[in-house]
Amino acid sequence: MHKKKITVCLVVAGFIALVTTINACKKDINPDAIYGLTPYNLVIPKGLPAMTIPANNPMTVEGVALGRKLFYDPILSGNRTMSCASCHNQSYAFTDSNKQHSTGIDGIQGPRNAMNLFNLGYQKNFFWDGGAADLESQVIGPIKNPVEMHEDLNNALHKLNTDPVYPAMFKRVFGGDTISATMLMRAIAQFERTLISGNSRYDKYKRGEITLTAQELNGMALFEDGAKGDCTHCHALGGTFSDFDFKNNGVDSIYTDAGRYRITLLASDSGKFKTPSLRNIAITAPYMHDGRFATLQQCLDHYNTGFHYTKYLDPVLQIKPKGRMTAQDMTDIIAFLNTLTDTEFVNNPDFKKP
Ligand code: HEC
Ligand code: HEC
């Protein structure tokens with residue numbers, strides 16, 4: 001008798017699990033909840049490519065607003081003192097002002113420099129080493145990271161589920177009575193995809209709206225010139241200003257941080273880091289994965305004379321002689337880099353704390 005009861009219970013439990021799974025799958029393909037929501041109209045400035053939005057996370061006005069609220073809310077950190085925006089500040093193109101290493105809630109510094117957050121919808125791998133394969137799954141990293149927001153994921157979800165306002169907001173956007181990790185990831189990713197930067201003086205020049213100075217134009221030519229900067233090889237000129245590929249640009253000869261190697265364990269990936277966009281570069285100091293350079297001049301000095309010829313150095317730099325740029329060449333390239341600051345982006349009211 002007793003045995004039979006257990007069997008019945010197991011069958012019922014199995015059935016419930018099956019129904020829940022089927023429902024969850026159904027939601028993924030065609031979220032019931034998006035009925036009655038307003039599709040978000042993503043405006044892409046001319047000069048940037050179209051953005052592909054994942055089919056399982058369509059953007060809605062309500063979803064973006066929810067993601068924005070979460071991005072600025074310290075509720076996601078262990079002691080409710082730190083939000084995503086604590087290290088990703090809009091005034092500095094969502095980097096960490098001039099801090100070399102971000103400091104988490106326990107006062108411990110991480111080993112890496114906070115990355116800029118814009119044009120994320122064009123990218124595939126996230127973090128300096130590409131440790132997160134999509135924007136949705138990236139969200140959990142900083143919440144759990146002990147040197148960042150240091151919070152247990154279940155605890156973060158519990159706080160959201162018992163909050164006076166979040167449950168209704170999540171239900172409206174994603175349906176369901178319980179806030180899940182997937183919903184949290186999707187909401188923040190929706191907001192992150194709206195952070196598009198493409199209205200710098202360079203963009204306005206390309207659209208024929210303004211002119212650049214002779215020095216800035218010369219800097220652009222040197223940026224492309226294979227015998228001088230040859231920067232465009234990795235930081236593609238125009239569009240997103242990056243190939244977003246992993247490259248070894250010779251910052252080290254011995255690796256304290258082996259970068260991409262940590263993910264792939266391929267020796268050939270030693271010292272490779274994700275090529276950052278050079279948009280807004282004048283306002284995102286310090287530079288490189290560990291924030292070792294304080295100024296753009298130091299970055300140019302690195303590419304001119306400082307880089308290390310190692311086995312794994314990118315082939316493009318491998319064949320470059322040291323000292324190929326004059327002081328004037330470097331000054332002109334910096335003048336060009338200064339045209340990439342997008343003041344409309346850093347002041348856009350839609351991206352501020354709601
Ligand atoms: C304590 C500071 C800190 C906090 C808080 C923080 N970040 Fe970051 N963020 C960083 C650092 C440092 C990196 C680079 C990490 C690495 O490469 O290992 C980074 C990288 C990223 C990236 C990758 C960007 C790219 O181009 O690959 C995204 C996206 C991001 N953070 C979003 C967030 C979100 C969303 C939150 C809140 C849930 C958040 N961050 C909270 C410091 C922080
Ligand atoms: C072989 C590819 C490659 C070439 C060529 C190259 N870069 Fe880079 N650049 C990178 C990579 C990869 C990083 C990140 C390295 C790191 O974090 O340690 C980077 C980082 C930078 C940074 C710091 C960005 C930040 O957000 O911290 C600046 C500035 C920069 N490069 C400018 C230039 C300029 C100017 C040139 C031409 C003189 C150039 N790069 C040529 C691959 C390249």
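Which polar side-chain atom lies 2.8 Å from an oxygen atom of ligand 1? In this predicted model, the atom belongs to Lys-274.

**View 1. Polar contacts of ligand 1.** Three side chains are shown with their distances to the ligand. Lys-274 places a polar side-chain atom 2.8 Å from an oxygen atom of ligand 1. The side chain of Arg-112 has an N or O atom 2.9 Å from an oxygen atom of the ligand. For His-88, the partner of the side-chain N or O atom is a nitrogen atom of ligand 1, at 2.9 Å. Two or more residues of the shell around ligand 1 come from each of helix 3 (84–87), helix 5 (140–144) and helix 8 (181–193).

**View 2. The shell around ligand 1.** The ligand is surrounded by 25 residues, of which Cys-84, Cys-87, His-88, Phe-127 and Lys-274 come nearest. By class, the shell comprises 14 nonpolar, seven polar and four charged residues.

**View 3. The iron site of ligand 2.** His-235, through NE2, and Tyr-303, through OH, coordinate the iron atom of ligand 2 at 1.9 to 2.0 Å. The arrangement is octahedral because the six donor atoms around the iron atom subtend angles of 83 to 179°. For six octahedral donors, the ideal angles at a metal are 90 or 180 degrees.

**View 4. Placement of the two iron-coordinating residues.** His-235 is located in the loop between helix 10 (214–224) and strand 1 (246–247), whereas Tyr-303 belongs to helix 12 (residues 296–306), so the pair ties together parts 68 residues apart in sequence. His-235 counts as buried because its relative accessibility is 9%, and the cut-off for buried is under 20%.

Methods
Residues numbered from 1 in each chain as written. Chains lettered and ligands numbered in written order. Predicted model: local features only at pLDDT ≥ 70, side-chain atom pairs only at ≥ 80, totals over all residues. Heavy atoms only, no water. Near = heavy atom within 4 Å. Polar contact = N/O pair within 3.5 Å; in protein donor to acceptor, adjacent residues only side chain to side chain. Helix = DSSP H or I, 4+ residues; strand = E, 2+ residues; numbered from the N terminus. Nonpolar A, V, L, I, M, F, W, Y, C, P; charged D, E, K, R; others polar. Donors = N, O, S within 2.8 Å, 3.2 Å for Na, K, Ca; no water. Tetrahedral: all angles 85-135°; square planar, octahedral: opposite > 155°, others 65-115°. Buried < 20%, exposed > 50% of the residue type's maximum accessible area, 1.4 Å probe, protein only.
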